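Me: I'm new to reading structures, and I'd like to zoom in on one small part of this one. Could you walk me through a single spot and what surrounds it?

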Protein chains: 2
Amino acid sequence: MGKYIYGIDLGGTTVKMGLFDSGGNIVDKWEIVTRKEDNGSNILPDIAASVEAKNNEKGISREEITGIGIGVPGPVTEDGRVLKCANLGWGIFSVTDELSHLTGVSNVKAGNDANVAALGEQWRGGGRGFDSIVMVTLGTGIGGGVIQNGKIFTGANGAAGEIGHIKVNINETATCGCGGKGCLEQYSSATGIMRHARELVSSTDEESYLRQFETEKITGKEIFDAYKAGDGLAKQVVKRFAEYLGLGLSHVAAVVDTQAFVIGGGVSKNGQAVIDVIREEYDKYVTLFALKGKEFRLAELGNDAGMYGAVRMVME
Amino acid sequence: MGKYIYGIDLGGTTVKMGLFDSGGNIVDKWEIVTRKEDNGSNILPDIAASVEAKNNEKGISREEITGIGIGVPGPVTEDGRVLKCANLGWGIFSVTDELSHLTGVSNVKAGNDANVAALGEQWRGGGRGFDSIVMVTLGTGIGGGVIQNGKIFTGANGAAGEIGHIKVNINETATCGCGGKGCLEQYSSATGIMRHARELVSSTDEESYLRQFETEKITGKEIFDAYKAGDGLAKQVVKRFAEYLGLGLSHVAAVVDTQAFVIGGGVSKNGQAVIDVIREEYDKYVTLFALKGKEFRLAELGNDAGMYGAVRMVME
């Protein structure tokens with residue numbers, strides 16, 4: 001058992017890197033650029049070089065490294081194979097084998113970034129104290145991760161927890177980024193909320209706090225501020241956001257009967273009001289006794305969740 | 001390690017009991033009546049007495065029994081506690097402790113009946129060859145079970161896999177048995193299909209093979225026979241059945257990304273046509289590459305699935 005673990009969160013623009021001690025405490029963190037050119041072939045070598053540089057800087061020998069964990073923006077199977085990461089240019093290969101080869105560290109674990117962040121939140125964030133959570137990340141899109149008894153639920157092709165693409169409105173005509181229609185992500189992501197607010201501002205004459213902003217500058221924060229202040233138009237926007245999310249999470253509960261939902265991503269920065277309105281709508285859609293009264297928590301680790309989860313994978 | 005395992009499927013009217021050898025082969029099976037009077041207080045003693053009688057009949061000593069598995073019609077937690085079985089009159093107590101006490105067999109495992117049947121099908125039935133399946137039982141209601149890496153996914157309150165109560169139609173005005181509105185069970189159970197066919201027969205003048213039957217006698221078999229023969233009205237009924245089920249299973253896939261769906265219950269007796277139409281609708285609702293092309297199989301064990309799954313729990 002070594003003294004250090006590297007926790008890595010590989011994103012589309014930057015790689016967040018963390019050095020942790022064996023107790024799971026962060027010792028150092030930094031970022032490097034994600035070089036996507038040449039089908040992303042530089043990404044893992046860059047990460048390995050950055051690990052090597054950090055080892056030298058801190059005087060850490062390879063024997064002192066327990067392992068390396070990494071979250072990747074695409075489906076990853078239980079044995080660490082990536083099944084295409086379109087936005088990195090990657091095809092199908094074993095991330096764990098490759099990173100192990102490049103770093104000389106045998107214990108490498110990989111997971112989907114949303115799943116890994118969920119594990120981080122369950123371990124050290126908003127999901128502390130629960131063995132089983134479902135994390136929902138409300139950002140540009142909607143990511144999700146299912147943690148069961150302290151472990152990532154991966155699924156057959158690494159696509160478990162893809163909550164953003166649950167079809168919550170079969171009558172939708174607009175197309176989601178995935179090519180489908182009526183995905184949860186179209187309504188309850190930050191993008192979905194902002195789009196809805198802009199549509200209402202443009203298409204109605206209703207008085208609203210939101211009208212003081214240039215339409216393109218209405219963000220989730222303005223919407224939730226207006227909502228908290230009782231603004232009618234913002235209420236409509238938040239209501240639709242929460243209705244679809246509550247419905248989607250009721251589906252999730254019927255499948256995995258989790259202990260708690262942890263809500264993260266940019267939208268969750270609007271605090272307890274977000275939790276309250278989601279829970280209210282969720283409770284309307286669950287009718288089975290065993291699924292009622294689930295806990296809802298705000299995520300706490302922000303952009304560090306992925307690094308923590310990556311470290312946790314190594315410790316398992 | 002003993003030579004025998006008892007596998008028990010406790011239902012609302014009868015208890016199906018099976019004696020298996022340690023290789024999981026059935027040696028004997030029989031049924032006893034489920035006595036629901038006095039809040040179901042006789043049920044477990046009756047089961048224990050029946051086990052005792054079988055031991056005497058076969059000359060089996062207690063030391064030769066590896067364990068007893070039992071499926072129960074209600075939510076059961078991972079540690080074997082029942083959280084109310086309304087239709088047995090049971091409250092909250094440990095089934096495993098109680099049955100262990102009554103039989104003198106220390107290794108007793110309990111699970112929800114639908115989950116246990118799913119385990120049986122994964123082990124010895126339609127899900128053979130897959131580690132992870134979701135089983136859907138289309139009967140009077142809709143039951144479901146999630147099997148992950150050969151084990152039951154129980155959930156926090158034993159309600160994982162309660163697929164029948166996923167809300168697939170938020171505009172429904174009729175009420176489901178659970179008290180909710182728009183549950184999958186309202187459309188895709190045997191009851192749901194028969195109700196829909198009767199409604200169409202009564203409310204339209206469309207020619208149909210189904211009109212030769214008294215309205216109350218139209219069953220799932222007649223509907224699927226008519227559907228296979230190209231009957232227009234039956235096609236409408238089967239289409240709605242499959243649309244809602246395909247939608248519901250697309251939700252399930254987005255959460256647990258299973259390897260295969262196993263379709264059981266009375267409706268599944270109509271064979272491959274059932275699988276084909278469900279798969280067709282499912283494929284319309286899944287857009288993520290990793291969730292497409294899932295396997296769909298018919299259940300094979302019929303009413304014995306619960307006994308097999310109960311035995312499998314003991315063998316784990």
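Reply: Quick bit of vocabulary before we start: helices (H or I, at least four residues) and strands (E, at least two) are DSSP runs, numbered from the N terminus. Keep in mind, too, that this is a predicted model.

Our spot is Asp257(A), which sits in the loop between H8 and strand E11 (260–264) of chain A. Let's come at it from the helix side. Helix H8 of chain A covers residues 232–256, 25 residues in total. At 1.5 Å a residue it should span 36 Å, and its end C-alpha atoms are indeed 36 Å apart, so expectation and model agree. Of those 25 residues, 19 are buried, so H8(A) is largely enclosed by the rest of the structure. At its N-terminal end there's a cap: Asp231(A) has a side-chain oxygen 3.2 Å from the backbone nitrogen of Leu233(A).

At the other end, H8(A) is followed by Asp257(A), which has a positive phi, near 45°. Is Asp257(A) buried or exposed? Buried means under 20% relative accessible area, and Asp257(A) is at 1%, so it counts as buried.

So who are its neighbours? Within its own chain, Asp257(A) touches residues including Val252(A), Ala290(A) and Leu291(A). Its side chain also makes a polar contact with the side chain of Lys294(A), at 2.6 Å. Then the other chain joins in: among the residues Asp257(A) touches are Thr154(B), Gly155(B) and Asn157(B). The backbone nitrogen of Ala159(B) lies 2.8 Å from a polar atom of the Asp257(A) side chain.

That takes us to the interface itself. Here 37 residues of chain B are in contact with 37 residues of chain A. Between them, the two chains bury about 3,100 Å², with 66% of that on carbon and sulfur atoms. On the chain B side, Phe153(B), Lys167(B) and Val255(B) lose the most area to chain A, together 19% of what that side buries. The count of salt bridges between the chains is zero, while 21 residue pairs are in polar contact. H8 turns up here as well: H8(B) gives the largest share of the side of chain B that touches chain A, six residues.

How do the two chains fit together overall? A rotation of 180° with 0.0 Å of shift along its axis superposes chain B on chain A, with an RMSD of 0.0 Å. The two copies are thus related as by a two-fold rotation axis. Both copies use the same surface, too: 100% of the contact residues of chain B recur in chain A.

How values were computed:
Residues numbered from 1 in each chain as written. Chains lettered and ligands numbered in written order. Predicted model: local features only at pLDDT ≥ 70, side-chain atom pairs only at ≥ 80, totals over all residues. Heavy atoms only, no water. Expected span 1.5 Å × (residues − 1). Buried < 20%, exposed > 50% of the residue type's maximum accessible area, 1.4 Å probe, protein only. Polar contact = N/O pair within 3.5 Å; in protein donor to acceptor, adjacent residues only side chain to side chain. Least-squares fit on C-alpha atoms with pLDDT ≥ 70 in both. Contact = heavy atoms within 4.5 Å. Buried area = accessible area lost by both parts, 1.4 Å probe. Salt bridge = Lys/Arg side-chain N within 4 Å of Asp/Glu carboxyl O. Lists of a residue's contacts leave out its neighbours within four places in sequence.
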